[in-house]
Amino acid sequence: MSEDRIVDALTVLAAGPTPYGQELATAERLAGWGGARWPELAWQVDRLPATAELPRSANLVVSAGHGGASELLICSHLDTSLTGDPDFDEPVTGSSGAAGGLRRSVGPDGDALVDGFGLGVARAAAASALVGFIAAAEALRAADRPHRLTLLLAAAGTHRYHLSHQRGDADGVTRQQPGGVARHLDRYPLPAAAVLAKTSPPGVLTAEPGALYLRVRLTGRFHPVLAREHAVPPGGLITHLGVVIDALEAFRRRHLAARADPTAAVGAEVGIGAVRAGQPAKPDLLPGRLDLHLYLVTVPGDDPARIRDEVQAAVTAATAGTPLAECPVSVDGQLVHPAAATEPDAPIARHACDAWTAAYGGQPPPVLGWTGSTDGVVLRGRGVPTVRLGPPGRGADPADPRRDRYALTDLRMFAGIYADIAVRHTGTIDSTGYRMA
C-alpha cells in the first residue's frame, strides 16, 4: 500500500482529459495498465450506448473473488466535472490557459503533496479506491477466503439533465441521461453493499440529500436594440434581470430557513447555476426569452411540485408592478434524485466506522447538514446500503484554483480504510493489518 502505487494510479488517471461522455480513453488506459500489473483480476471496459451526449463513454469495472461471498461494490468516478478544455471550461473557471499535469510538491508542514486538475472530482479518491481494492483482493486471495469485490470507476456523472430550448417544449426537460452507476446497476445483479469513494467531510456519510433542477423562464417580446424603449419589457428582459435574481435569492432565504435543522444529517441549498438569453452572434436583437437554471439540494420530505409552485409564485409576485409584469413566468424542472439514507447500524456502516476508528484511533465525527449529493442516492434508490467517505483535500493551488491538492499520506490512509472495509465485509479474517496510523 505504498504512496508510489497511489502516484502511479493517479498518473494513469490524469494522463489525459476525461470529460463527461468521453471517458473511454481513460478507461482503456487504466485497464491496460492494471491488467498488465494484476492479471489475476478481471479488468473490463464497459462501454455505454453511444448517444450525442455520450459519444465515447465507458465504465471501468474490476472484479475479484471466488466462492459464495456477498458482493461489495467500491465506487468512484472517471469523469471530471470540468473537462480540462479551457475553451469549454472558461465560462465556469474564468481561466483561459491549460491547467497542466500532475505535480508533486512539499507543503508548508513538510507533507508530500500531489496536485493537479480533476483530483477533487474525483481522481484522488478514485486512485485511493483502486489501490485499496487491489490490496484487499491480494490479501483475501492469499488467505484463500471466499470474497466478491467489484471496483467501479463510473462514467457520466450523477446529476445531469438535458434541457430543451425548442419551440413547443412544455416542461423544459427532454430526459435524464443515465449515468455510469445506473448503467452498471441495470446490467449486473445488485451488490450487497457499496462504498462510495469521494472527497468528503471528516466522518462516514450514511445519508445524502437529493437534487432538483429547475428552469425559471420569463417571456417578453422580440425587438431590436435600436428601438429598445418600445420593447416588452422596455429596455429588454436582461435590463431587468436583477429583479428576478433578487426574487430568487429571497426565495432561497425563506426556503433554507424553513428547513434549518442543526441535528439533521443533510441540509438544503439553492443556487442559480446558469442564465441564458439571446444570441451572442446577434447582440443587436433583444432576447424575447430569459431562462435561469437553478440547482436545489433537497432534504427528506421535499415535494418538487410544491417547490416549483413556490418559486413561480415568488417570481410572479416580485415582478408584479415592475416592467416585467407583462412577461409571463413559468417554472419547469425535474427531481433528478430524491434524498436517501442508509441505516447507521447497517453492517456496511459499522464496517466503515470500525475501519475509520482503526485508522485514526477514534470514532468518526458525526456529519451534520451535508449538502453534497452524489452516487449514494442512486445506489440507495436501488436498495443498496451505501456509505460515503474519502480523503480530505488540502485546498486548491493558490496560483490556479482548478488544481486540487492532496497529501499523499491522506490518500494512502484512505486506501487502507477502503481495503479494511472490504476485508471486514467478508467477515472472515482479521483486518487490523490495514491500519494506516
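Here are some exercises, with worked solutions, on the predicted model shown above.

**Exercise 1. Work out how helix α1 and helix α10 are arranged and which residues bring them together.**

Start with the two stretches: α1 covers residues 3–13 and α10 covers residues 408–426. A pair of packed helices is described by the angle and the distance between the axes. For this pair, the angle is about 95° and the axes lie 9 Å apart. Anything from 65 to 115 degrees counts as roughly perpendicular, so α1 and α10 are roughly perpendicular to each other.

Next, look at who touches whom. From α1 come Glu-3, Ile-6, Val-7 and Leu-10, and they meet Leu-408, Thr-409, Leu-411, Arg-412 and Ala-415 of α10. Sort that contact by class and you get 6 nonpolar, 1 polar and 2 charged residues.

The spacing on α1 fits a general rule: an α-helix has 3.6 residues a turn, so residues three or four places apart point the same way.

**Exercise 2. Find the buried residues of α1 and say what they pack against.**

The list to highlight is Arg-5, Ile-6, Val-7, Ala-9, Leu-10, Val-12 and Leu-13. Now colour their surroundings: these buried residues pack against helices α2 (24–37), α4 (119–142) and α10, and also against strands β4 (103–106) and β5 (112–117).

**Exercise 3. Trace the sheet that contains β20, then place α10 on it.**

Walk across the sheet and you'll pass β4, β5, β20 and β19, in that order. The sheet is open, has 4 strands and pairs in the antiparallel sense. At the edges stand β4 and β19 (396–397); each has a single partner strand, so one side of each lacks a neighbour in the sheet.

Zoom in on the β19 end. Strand β20 (residues 400–407) pairs with β19 over 2 bridges, antiparallel. Ala-396 has Asp-404 in β20 as its bridge partner. Helix α10 packs on this sheet, where it touches β4, β5 and β20, and its direction makes about 60° with that of β20.

**Exercise 4. Is Asp-115 buried or exposed, and which side chain does it reach by a polar contact?**

Find Asp-115 in strand β5. Its relative accessible area is 2%. The cut-off for buried is under 20%, so Asp-115 is buried.

Now for the partner: the side chains of Asp-115 and Arg-403 are joined by a polar contact of 2.7 Å. Beyond its sequence neighbours within four places, Asp-115 also has contacts that include Gly-101, Leu-102, Asp-397 and Arg-405.

**Exercise 5. Compare that with Arg-405: where does it lie, and what does it touch?**

Arg-405 lies in strand β20. With 23% relative accessibility, it counts as partly exposed. Leaving out residues up to four places away in sequence, its contacts include Val-114, Asp-115, Ala-396 and Pro-398.

**Exercise 6. Describe strand β15 and its two antiparallel pairings.**

β15 spans residues 289–298 and is mostly covered, with 8 of its 10 residues buried. One pairing is with β11 (residues 210–219), through 10 bridges; there, Ala-211 stands opposite Val-297. The other is with β13 (residues 269–277), over 8 bridges; here Val-275 has Leu-292 as its bridge partner.

**Exercise 7. Lay out the sheet of 6 strands and the helices that lie on it.**

The order is β1-β2-β6-β3-β9-β18, in an open sheet with mixed pairing. β1 (42–47) and β18 (386–389) are the edge strands, each with a single partner, so one side of each is left free of a neighbour in the sheet. On average, neighbouring strands are turned by 20° against each other, ignoring direction.

For a parallel pair, take β3 (residues 71–77) and β6 (residues 147–154), joined by 7 bridges. Leu-72 has Leu-149 in β6 as its bridge partner. Helix α5 (residues 180–187) lies across β1, β2, β3 and β6, at about 145° to β6. Helix α8 (residues 347–360) touches β3, β9 (193–197) and β18, with its direction at about 25° to that of β18.

Note on methods: Residues are numbered from 1 along each chain as its sequence is written. This is a predicted model: local features need pLDDT of at least 70, side-chain atom pairs count only at pLDDT 80 or more; totals for chains, interfaces and linings use all residues. Side-chain values use heavy atoms; hydrogens and water are left out. Axes are lines fitted to C-alpha atoms, for helices over the stretch in contact, and angles run from 0 to 180 degrees between N-to-C directions. Angles under 35 degrees count as roughly parallel, over 145 as roughly antiparallel, 65 to 115 as roughly perpendicular and the rest as oblique. Contact means heavy atoms within 4.5 Å. Ala, Val, Leu, Ile, Met, Phe, Trp, Tyr, Cys and Pro count as nonpolar, Asp, Glu, Lys and Arg as charged, and the others, Gly among them, as polar. Buried means under 20% relative accessible area, exposed over 50%, partly exposed in between (1.4 Å probe, protein chains only). Two strands pair if DSSP finds at least two bridges between them. A polar contact is a pair of N or O atoms within 3.5 Å; within protein, one must be able to donate a hydrogen and the other to accept it, and residues adjacent in sequence count only if both atoms are side-chain atoms.
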